[in-house]
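I sat down with this one to see what lies around its buried parts and its empty spaces. Here are my notes, in the order I looked things up.

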Amino acid sequence: MIRFIFMSLCMLAGYAGTSQTIGSKVSFKAVDGKNYTGTIKEVRSNQFRVRYDAVDFEAWLTASQFQLLQNTTVSVINTNQPSATVATGVQMIFDFGKNMGWANAMTERRFNAYFTPLTEDQKATLLTFLNRAKTNSARFFVLKSWLANDNFNVLQGFIDQLNQYPEAYQQEHCLVSTQHSIIQQWEFSCSVTVVQTYLGDLCPRYAWEVKQVSNYDVAAQDPYTNPMGQQQKELLEKYGGAASVRGDLSGKSIPINDALNELVGKMLGIQFNTQQVTEPLTIVFPKIRAEVDKGLNVPLLIGFVGSQARHFILLMNYKYMQGDYQYLIYDPWDGRCGYVSETGFKQGSLSPLLTQWKISLDYYYTAL
């Protein structure tokens, strides 16, 4: 794996901790006037995505709209208890992340492939190392970064940084599938920005480094001096493109294939293949969901109806709610993630993302 190191990281200071973390149980009154309980599934500043306990529904709430149920937050995993074997301790750390929705089928296959062959002494060393992190979330993020081929020296520095912050901050800054994610700094850098985001999803340490950069989710006035802009420019030019500031069409776009295969494919041991959309979307979407079921994100190339412009986005997950599939889409232009309905997609809408354009799905990328 190619490590992405930023020479100047801007650590955010003065962060106020909160007890409302992912996994906390809460009670609240819904718009129908009834009282419900639920579980916090995602945190975005003062916004909390709460999954209802009784019905298949989710809602975004502010901290003032719910009450934290006492003694129901995720308990700290005690991986040092005498009754637990070393293997059980590491498995508990992995299972915590899996239960939080941070590990998919690919992550689990890599965990089994990496962990099972280790000797008992090596497993004990790994468990002792992971337990240097102070929270459940941090331990899992370090473990997942190890699965992405980060070495122990790199991860030790990662642990030291994580331990300076509360768990809610760790969760927000080690995940890229949040409302505030990486934004493309150049007119034609959507391809390499999608690859950056894919890498951040595979390696929480990289996501953490990205999110310590000042305004990683804001289009810089001068992308030439912005760390994210510099990295995107380097990648864009490496694969044959040319950088121009947003709004300047004098640059050059590139296909995603080479960057995707060299940076993501080599890490996962797979080769991505271009699939042109020539079938109805009712046939295409089940094929895309099959890729997600394997644990893969799916880059999509969309077109803007009425123009020649195209744009790369990343489909990262899906769920089925209220009779329709919902797809978690990352859009590099605005640096945001959000769920888009399949019904809306078929009608040319990416609402609530890219609401100003009617779009078409032209290509998607699968593993051979």
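**Entry 1: a serine in a loop**

I began with S189, which, leaving aside its neighbours within four places in sequence, is in contact (heavy atoms within 4.5 Å) with Q184, Q232 and L236. S189 sits in the loop between α6 (167-173) and α7; helices (H or I, at least four residues) and strands (E, at least two) are DSSP runs, numbered from the N terminus. Its relative accessible area is 0%, so S189 is buried (under 20% relative accessible area; exposed is over 50%, partly exposed in between; 1.4 Å probe, protein chains only).

A note to self on the source: this is a predicted model, where local features need pLDDT of at least 70 and side-chain atom pairs count only at pLDDT 80 or more, while totals for chains, interfaces and linings use all residues. Residues are numbered from 1 along each chain as its sequence is written, and side-chain values use heavy atoms, with hydrogens and water left out.

**Entry 2: the whole chain**

I counted 12 helices and 11 strands in the protein chain. Of its 368 residues, 53% count as buried. Among contacts with a separation of 6 or more, 63% are between residues 24 or more positions apart.

**Entry 3: helix α10 and the cores**

Which residues of α10 are buried? In this helix (residues 257-268) I found A259, L260, N261, L263, V264, G265, M267 and L268. Their cover includes α2 (105-115), α7, α9 (227-238), β6 (272-276), β7 and β11 (359-367). After α10 comes G269, with a positive phi near 70 degrees.

I then turned to the largest nonpolar core (buried Ala, Val, Leu, Ile, Met, Phe, Trp, Tyr and Cys residues joined through side-chain atoms within 4.5 Å). It has 44 residues, of which V195, Y198, L260, V264 and L268 touch the most other members. α7 gives the most to this core, with 7 residues. I followed V264 further: leaving aside neighbours within four places in sequence, V264 is in contact with V195, Y198, L199, L202, A259 and F272. Another core, of 31 residues, lies apart from the largest one and has F111, F140, F158 and L162 among its members.

**Entry 4: the empty spaces**

For these I used a 1 Å grid over the protein atoms alone: a cavity is a set of points where a 1.4 Å probe fits but cannot get out, a pocket is an open set with protein on both sides within 12 Å along at least five of seven lines, and lining residues have an atom within 4 Å of a point. Points are joined across faces, edges and corners, and a volume is the space filled by probe spheres set on the points.

How many cavities of 30 Å³ or more are there? My search of the whole structure gave 2. The largest cavity has a volume of about 80 Å³, and its lining includes R110, K144, L202, M267 and L268. α2 gives the most to that lining, with 3 residues. The second largest cavity comes to about 40 Å³, and one of its lining residues is K144. Its largest share of lining, 3 residues, is from α4.

Last, I looked at the second largest pocket, with about 510 Å³ of space. It is lined by 22 residues, and F188, C190, A309, R310 and H311 are the closest to its centre. β8 gives the most to this lining, with 3 residues.
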